[in-house]
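Notebook open, coffee poured. Today I am looking up one helix and the sheet beside it, and here is the structure I had on screen.

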Amino acid sequence: MTLFDLLLSSPPSRELIRNMLDFFMDGTVTFSESGHAFVVCSDSGQTGLITRENYLTVCDLIGQRNYLKPRRDEDLSKVKNKKALEIMKKLQKGRAEKNKLTKADKNMELGNIISAVANRSQSLHILNIWDLTVYQLWDCFARLSGNNLYNIQSMSVAAWGDKNHTFDASAWFKKIETENL
């Protein structure tokens, strides 16, 4: 029995999942009793099928579209020897303890990010920021933060030079690594 099967086992949870999928899908999501799957339809007909085989992938993709990092759990059944298994278990335990100790940063709450971006951006403001997706909002926030650091560094180099040659003039347009968000 998979998570998907468990979620579909009761009508209220099945309807909750259907509503959530319907929110994120382009089209209408319905549940097919006979296929034991969610069917995605548009005006032109069926466009997709969410089954037990692809449900977690769909959830992962929805998360990525909303700037959430996918949770990567290592498969301990693929470990080849006892020593490696012990190391993997120790790593998992350490990560779990670290997650328990890590407190949520109130500065990174969605409401605060909306306010910060709306008040810092040159084109977004409190009236039009609601047109962004969550992903676009986090991307704007990351870009504004990076550009702020770039501006400080470029002023420092302009004033005092760059004797170590570490300033990257093209940093302002490089791909953002989102590991810290």
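Entry 1. A reminder to myself first: this is a predicted model. I began with the outer face of H2, the one turned away from its buried side, and found the exposed residues Pro12, Leu16 and Phe23 there.

Entry 2. Next I asked which residues of H2 are buried. They are Arg14, Ile17, Arg18 and Leu21. These four cover an arc of only 105° around the axis, which puts them on the same side of H2. That fits the textbook rule: an α-helix has 3.6 residues a turn, so residues three or four places apart point the same way.

Entry 3. I checked the length of H2, residues 11-24, too. With 14 residues at 1.5 Å each, the helix should span 20 Å, and its end C-alpha atoms are 20 Å apart, so the two agree.

Entry 4. What covers those buried residues? I noted helix H1 (3-8) and helix H3 (55-65), along with the strands E1 (28-32), E2 (37-42) and E3 (45-50), among the elements that do.

Entry 5. On to the strands. The three form an open sheet, ordered E1-E2-E3, with antiparallel pairing. E1 and E3 stand at the edges with a single partner strand each, so one side of each has no neighbour in the sheet. On average, neighbouring strands are turned by 30° against each other, direction ignored.

Entry 6. I zoomed in on the antiparallel pair E1 and E2, which five bridges join. Threonine 28 stands opposite cysteine 41 in E2.

Entry 7. Last, how does H2 sit on the sheet? H2 lies across E1, E2 and E3, and runs at about 150° to E1.

Note on methods
Residues are numbered from 1 along each chain as its sequence is written. This is a predicted model: local features need pLDDT of at least 70, side-chain atom pairs count only at pLDDT 80 or more; totals for chains, interfaces and linings use all residues. Side-chain values use heavy atoms; hydrogens and water are left out. Helices (H or I, at least four residues) and strands (E, at least two) are DSSP runs, numbered from the N terminus. The expected span of a helix is 1.5 Å times one less than its number of residues. Buried means under 20% relative accessible area, exposed over 50%, partly exposed in between (1.4 Å probe, protein chains only). The arc is that of the directions from the helix axis to the C-beta atoms. Contact means heavy atoms within 4.5 Å. Two strands pair if DSSP finds at least two bridges between them. Axes are lines fitted to C-alpha atoms, for helices over the stretch in contact, and angles run from 0 to 180 degrees between N-to-C directions.
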